[in-house]
Amino acid sequence: MKRQVWAVITVIALVSTGAAACGGGSKKTTGTSSGGSSSAKYNAAVDSVVNASDTKGGTLTFGNSDDFDSTDGGNTYYAYSLNFNRLYERPLTTYAPKTGAAGLQAVPDLAQGLGTPSNGMRTWTFKLRPNLKYEDGTPIKAADVKYAIARTFDRGILGNGPSYFAHLCVDAATYKGPYKDKNINDFKCVDAPDDTTVVIKFKDPFPDMNLLVAFPQTAPVPQAKDTGAQYALHPISSGPYKWQGNFQPKVGGTLVRNTNWDPASDPIRKALPEKIVYKAGMQENEIDQELINGTLDVDIAGTGVKTAARQQILSNAKLKANADDPVAGFHWFLPINTQIVTNVNCRKAMIDGVDRDAMWRAYGGDIGGQLATSIMPPAVAGRQPSNIFPVKAGDTGDQAKAKADLQACNKPNGFSATMIYRSDRDKEKAVAQAVQQSLAKVGIQLSLKGYPSGGYTGSNAGSPDFMKKNNVAIATYGWAADWPTGYGYLEPLTDGAAIVNSGNSNVEMLNDPAINQLWKQVVTVADENQRNAIYNQIDQKVLEQAAIMPNVYAKSLLYRSPKLTNVFFQEQWGMYDYTALGKTQ
Amino acid sequence: MIAFIIRRLLTAVLLLVIISAVTFAIFFLLPRAAGMTTDQLAARFAGKAPDKATLLAIEKRYGFDKPVPVQYYDFMRGVVVGGKYDTGARVIDCPAPCLGYSFRTNEPVLQTVLNRAPVTFSIAAGAAVVWLIAGISIGVLSALRKGTFFDRFSMGTALVGVSLPIFFTGLLSQTFLEFKWGIWSQQDYVSITQDPVQWAHSLVLPWITLAFLYAALYARLTRAGMLDTMTEDYIRTARAKGLPERTVIVRHALRATLTPILTIFGLDLGLLLGGAVLTEKTFSMHGLGALAIDGVVQSDLPVVVGVTMAGALFVVLANLVVDVLYAVVDPRVRLE
């Protein structure tokens, strides 16, 4: 009897505890931390500035579940790192601090104006703003920009960042970087004829130079202070903030004001916070919960909250008012290997027969993504949607049309091949299963193989040998533009000249002479609108070839703390603009 | 005793050499056995879509183009006599013992390990104090009150504690105590010399989480040991001689029970000092465990070797201390 009484008491206690835990929100839900302000509403920051303010002060805290690939502007590629880097480094240009398509335009930063082209857009001249200084008060000179670009040629030391300069410069084939070649005058790509003039010389016409130099590879680096691979421990600031002491990789650091930064020289940055704290290696759930509770200001990754927090936010009206769900810049598409599925009608059968609805739901439905039509996502300037493979909500595939396509390619009973995906990404696995199941209905048998994401783009999908040896017909993939033009997005994906043996982005192995010719032609066109028309034409041609299966333009459910000021979604970064943020006291 | 200690320390050196060799072998040979090429390994340290020239440059910089035995020789030479590190812009001297530089952060591994160690030590030492006091006390009381409600409740709770993984109890405690109920506010770790109060505050949840698991284990072990010892003849004799019960329990029964507890404690503490991985990751603490995980996930060989050797050293030293303490606890033991 005694045992039964205790058992009942224990059960009651457990149930009560569970009920208390599951029901209701946090006790820390005070008005300012998790309630929406009167002006806040869902998606407010997508096309307007929320909590506009010029009030200075406060400490802004960023959290990261991972860490920067590097704080050295010459050695970084992550989108959030490029966004954050502008707090302490100033490249020649940057992206306009504006919402919508206006944010895809380059504006001068370290330079006082956009570059002036000459020599058929092979040469670009930039004039620096006068009297700029580093954090230690020493002057910033054009020679420092030359040195900054030169050091990125040593890919063994600085291998993380983009390699455009190392490939496109006039001496790309011969120059080894200043660590191996001690005479900086041997670097012919960049001239600094005086302290404020930077001249960049490419082998071929390059109309997107104003966007390319927005990479912090052009942020000045004083040669005397360069410590090579260890420069990331304390990059010398040319921006409104500087690192306090050394940055601690995998742990974090603090940015404090750079008193030698001249606000009058910088129309881009408001520099409102007094201090900026960055914490690396935080647990993902902790980041989301601290954002909601107001003890953390920004999730620096900018890819949105995770599943548990997503449900919490969307089911709570007050929290939802502080959330934004913009289209973020990535297109998660599926390249179809033209060397394995050689007939265009067979490829069309795959696109016509696939269950687009299931693939879209795998990414979270309306919250996770937007059904894609063109290859270029909306974040590419001048991009037009396509009607070649129209799609609408609920589209589970047109089996009749797919079977007709298979008839046309002389495979009425279908064919067998392999599909690969990233095994540690649940969404890609779900997409692969949806593709496999829907195409099986028309006779296309795909065997699925998953590979870790770490080596996927280098050694699996990115290796033509691997793709051929393993009979891989289709792969999950994704791409965001390095800069928001058709060239920045499409060229690595569709130009035959871009095919490489490792890290290949033209996964479909498309080597179409007509498309290749368009790529050669477009770089000679000076007018932006005419170039955009050609990019859209290339996009259409690739779809006509059925070389890429469109899928989903990714969306990110971002949560903005009500304490933040000047919050807006910046199209190029695909997240909030970090240089604009301030904080209420 | 001095000879014993010296012999054990020399054994530790040999053990560290073996461990470093095994770690090298695991890092290089296992992936090759799975078909990974040198280019694929180098691609892990390059940015998006690296070309062949970048991969070759990385292979040369990190020594992937050399045979594994040569790379190992270079590493051991650095440990014994020191080495040099080329940052590109300058060459730095790395005095012995040089454990190399991280492939990812380009920081000296030895310095990184020394910077991270206090975090792990703080977690392990604090939790050890809590679990020893709680575990042994509860175990003794349970043994003395065998069959009572206290005994059943505490052993039942201990069973739960032993069964639940740390990442579960840690996340649970954090979710409810901090995020849902708001009765605890987790603070960032700072060193004890910087702010002892914040240092302790930042460690309370990790201590409790870690101690819950180990206290449960130690309570069960202590109870079992006490029950066994309390039936011994010498305990009956001590009572018959009229010794106070407290003296019988503490000085005679518990002392005999502690010997196996000490053995396990040495192993547990040594392993924790090498990195309380799950606890550190759950509470976002930057100790050796988090460093080890990051090193493995990011294929950062120098860090992996450095942390592994540090962990092994702590296990050896912890067991050495335990062996010495045996002689104190149990007069029958003589160190030979």
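Here are some notes on chains A and B of this predicted model, with chain B coming up before chain A.

1. Let's begin with chain B as a whole. It has 13 helices and two strands. Along the principal axes, its C-alpha atoms fill a box of roughly 85 × 55 × 40 Å. Of the 336 residues in chain B, 48% are buried.

2. Now for the contacts and the surface of chain B. If you take the contacts with a separation of 6 or more, 64% of them come from residues 24 or more positions apart. The accessible surface is about 16400 Å², and carbon and sulfur atoms own 69% of that.

3. Helix H6 of chain B, residues 149-163, is a nice one to check with simple arithmetic. What span should its 15 residues have at 1.5 Å a residue? The expected value is 21 Å, and the end C-alpha atoms are indeed 21 Å apart, so the two agree. (The expected span uses one less than the number of residues, because that is how it is defined.)

4. Stay with H6(B) and look at which residues are covered. B:Asp151, B:Ser154, B:Met155, B:Ala158 and B:Gly161 are buried. Viewed down the helix axis, the buried residues sit within an arc of 115 degrees, so they line one face of H6(B). If that spacing looks odd, remember that an α-helix has 3.6 residues a turn, so residues three or four places apart point the same way.

5. What do the buried residues of H6(B) pack against? Their partners are helix H5 (109-144) and helix H8 (196-229) of chain B. On the other side of H6(B), you'll find B:Arg152, B:Phe153 and B:Ser163 exposed.

6. Next, the strands of chain B. Strand E1 (residues 83-86) and strand E2 (residues 91-94) run antiparallel and are joined by four bridges. One of the pairs to find on screen is B:Asp86 with its bridge partner B:Val91 in E2(B). The hairpin has four residues between its strands, and B:Gly88 there takes a positive phi near 100 degrees.

7. E2(B) also has two faces worth colouring separately. B:Ile92 and B:Cys94 make up the covered face, while B:Val91 and B:Asp93 are on the uncovered one.

8. Over to chain A, and to helix H5, residues 142-151. How many of its ten residues are buried? Nine of them are, so to speak, under cover. The buried set includes A:Asp144, A:Lys146 and A:Arg151, along with A:Val145, A:Tyr147 and A:Ile149. A:Ala142, A:Ala148 and A:Ala150 are buried too.

9. The cover comes with some neighbours. The buried residues of H5(A) pack against helix H6 (164-168), strand E6 (190-194) and strand E7 (197-201) of chain A. H5(A) lies across E6 and E7 of chain A, running at about 170 degrees to E6(A).

10. Those two strands, E6(A) and E7(A), form a hairpin with two residues between them. They pair in the antiparallel sense over three bridges, and A:Asp191 stands opposite A:Val199 in E7(A).

11. The hairpin belongs to an open sheet of four strands in chain A, in the order E4-E5-E7-E6, with antiparallel pairing. Strand E4 (116-118) and E6 of chain A are the edge strands, each pairing on one side only. On average, neighbouring strands of this sheet are turned by 25 degrees against each other, direction ignored.

12. Chain A has another open sheet to look at, with three strands in the order E16-E15-E17 and parallel pairing. Strand E16 (445-451) and strand E17 (472-475) stand at the edges with a single partner strand each, so one side of each has no neighbour in the sheet. From one strand to the next, the twist averages 30 degrees.

13. Zoom in on that three-stranded sheet. Strand E15 (residues 416-422) of chain A runs parallel to E16(A), and seven bridges join them. A:Arg422 has A:Tyr451 as its bridge partner in E16(A). Helix H15 (residues 426-440) of chain A lies across E15 and E16 of chain A, and runs at about 170 degrees to E16(A).

How values were computed
Residues numbered from 1 in each chain as written. Chains lettered and ligands numbered in written order. Predicted model: local features only at pLDDT ≥ 70, side-chain atom pairs only at ≥ 80, totals over all residues. Heavy atoms only, no water. Buried < 20%, exposed > 50% of the residue type's maximum accessible area, 1.4 Å probe, protein only. Arc of directions from axis to C-beta. Contact = heavy atoms within 4.5 Å. Pairing = 2+ DSSP bridges. Axes fitted to C-alpha atoms, helices over the stretch in contact; angles between N-to-C directions. Areas by Shrake-Rupley, 256 points an atom, 1.4 Å probe, with all protein chains shown as cover.
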